[in-house]
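The following questions and answers examine the secondary structure, packing and polar contacts of one protein model. The structure is shown first.

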Amino acid sequence: MVVEIDSNSGFCFGVVKAITKAEEELTSGAPLYCLGDIVHNSMEVDRLSRKGLITIDHERFNALRNTKVLLRAHGEPPETYELAREKGIEIIDATCPVVLNLQKNIKKAFDSSSIEDTQIVIYGKIGHAEVNGLVGQTNGHAIVVENEGDLAKIDFSKKIKLFSQTTKSIDGFNDIVAKIKQKITNCDNFEYNDTICRQVANRIPKILSFVSKHELVFFVSGKKSSNGKVLFDECRKVNDRIFMISDLDELDFSLLENISSVGICGATSTPKWLMEDLKKKIENYLSESLAK
């Protein structure tokens with residue numbers, strides 16, 4: 001049996017940057033907090049926790065004083081930075097450069113517009129950490145839409161400036177653009193900005209090619225990963241013998257029967273070491289089965 005890992009799967013550069021910063025800071029031995037899971041993968045969060053990284057929520061962040069807090073790749077709204085200054089917290093900013101640029105563009109669009117006649121709309125997952133940071137650039141005034149049903153939140157007689165969460169699918173974004181064009185009173189009042197990360201988006205054709213050449217595929221991803229959901233849904237369109245697992249204990253060995261090729265791939269939040277561990281587990285099982 002051939003067991004292959006997709007060479008294009010694994011952390012995107014934004015996640016690599018955040019984890020590298022965390023590991024560098026942890027070598028000092030001083031306490032280091034991370035506001036939210038550093039990456040939407042529990043296995044990687046556990047690995048860094050064993051190194052000393054302390055994951056906290058916003059409530060605990062509010063209670064901290066005079067310490068270091070790492071901001072993950074997803075980014076944070078302006079009030080997080082303001083609160084840190086007030087409490088003497090040193091921010092280790094690992095916001096992804098692509099997200100940081102998007103935050104600046106949304107803030108610029110909001111500051112140059114009137115709330116009365118212009119709506120900032122963000123195509124993204126409601127409540128997602130990145131989206132919360134984007135909405136924060138508009139003092140909470142941005143409208144978040146996940147699908148066509150959410151378009152009812154928009155006043156189509158007003159100007160619309162549309163942006164996208166960086167990890168959404170291009171097809172999904174283009175569909176929202178088309179739906180807004182159908183509904184808006186004056187198309188001249190509609191400005192849309194494709195702000196999807198191309199490093200993430202360009203993985204789709206590569207991962208589809210990989211998935212299509214294997215009989216059975218294991219897609220390794222944390223259940224919280226937005227990018228993981230997008231990629232997995234795309235992969236299922238070309239191979240219905242694909243299974244998502246977030247932990248090695250979820251591996252169902254019975255799926256391996258009468259299979260000649262297995263592919264292993266994952267999200268931009270999936271560590272390479274986890275996919276390698278899965279490959280070893282499959283190969284060990286196969287070796288033991290042959291020895292019986």
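Two strands pair if DSSP finds at least two bridges between them. Helices (H or I, at least four residues) and strands (E, at least two) are DSSP runs, numbered from the N terminus. This is a predicted model, in which local features need pLDDT of at least 70 and side-chain atom pairs count only at pLDDT 80 or more, while totals for chains, interfaces and linings use all residues. Residues are numbered from 1 along each chain as its sequence is written, and side-chain values use heavy atoms, with hydrogens and water left out.

Q: In what order do the four strands of the open sheet lie, and which are the edge strands?
A: The four strands form an open sheet with parallel pairing, in the order 1-12-10-11. From one strand to the next, the twist averages 20 degrees. Each edge strand pairs on one side only, and these are strand 1 and strand 11.

Q: Which residue of strand 12 stands opposite Leu 216?
A: Strand 10 and strand 12 pair in the parallel sense over five bridges. Opposite Leu 216, in strand 12, stands Val 262.

Q: At about what angle to strand 12 does helix 9 run?
A: Helix 9 (residues 203-212) lies across strand 1, strand 10, strand 11 and strand 12. Axes are lines fitted to C-alpha atoms, for helices over the stretch in contact, and angles run from 0 to 180 degrees between N-to-C directions. On this basis, helix 9 runs to strand 12 at about 160 degrees.

Q: How many degrees around the axis do the buried residues of helix 11 cover?
A: Buried means under 20% relative accessible area, exposed over 50%, and partly exposed in between (1.4 Å probe, protein chains only). The buried residues of helix 11 are Leu 274, Met 275, Leu 278, Ile 282 and Leu 286. They lie on the same side of helix 11 because their arc, taken from the directions from the helix axis to the C-beta atoms, is only 120 degrees.

Q: Which residues are exposed on the other side of helix 11?
A: The buried residues of helix 11 pack against strand 1 (2-5), helix 2 (42-51), strand 10 (216-220), strand 11 (242-245) and strand 12 (261-266). On the other side of helix 11, the exposed residues are Lys 280, Glu 288 and Ala 291.

Q: How far apart are the end C-alpha atoms of helix 1?
A: The expected span of a helix is 1.5 Å times one less than its number of residues. Helix 1 (residues 13-26) has 14 residues and should therefore span 20 Å. The distance between its end C-alpha atoms agrees, at 20 Å.

Q: Is Ser 9 buried or exposed?
A: Ser 9 is found in the loop between strand 1 and helix 1. Its relative accessibility is 5%, so Ser 9 counts as buried.

Q: Which residue has its side chain joined to that of Ser 9 by a polar contact of 2.7 Å?
A: A polar contact is a pair of N or O atoms within 3.5 Å; within protein, one must be able to donate a hydrogen and the other to accept it, and residues adjacent in sequence count only if both atoms are side-chain atoms. A polar atom of the Ser 9 side chain lies 3.1 Å from the backbone nitrogen of Gly 266. The side-chain partner at 2.7 Å is Asp 6.

Conventions. Contact means heavy atoms within 4.5 Å.
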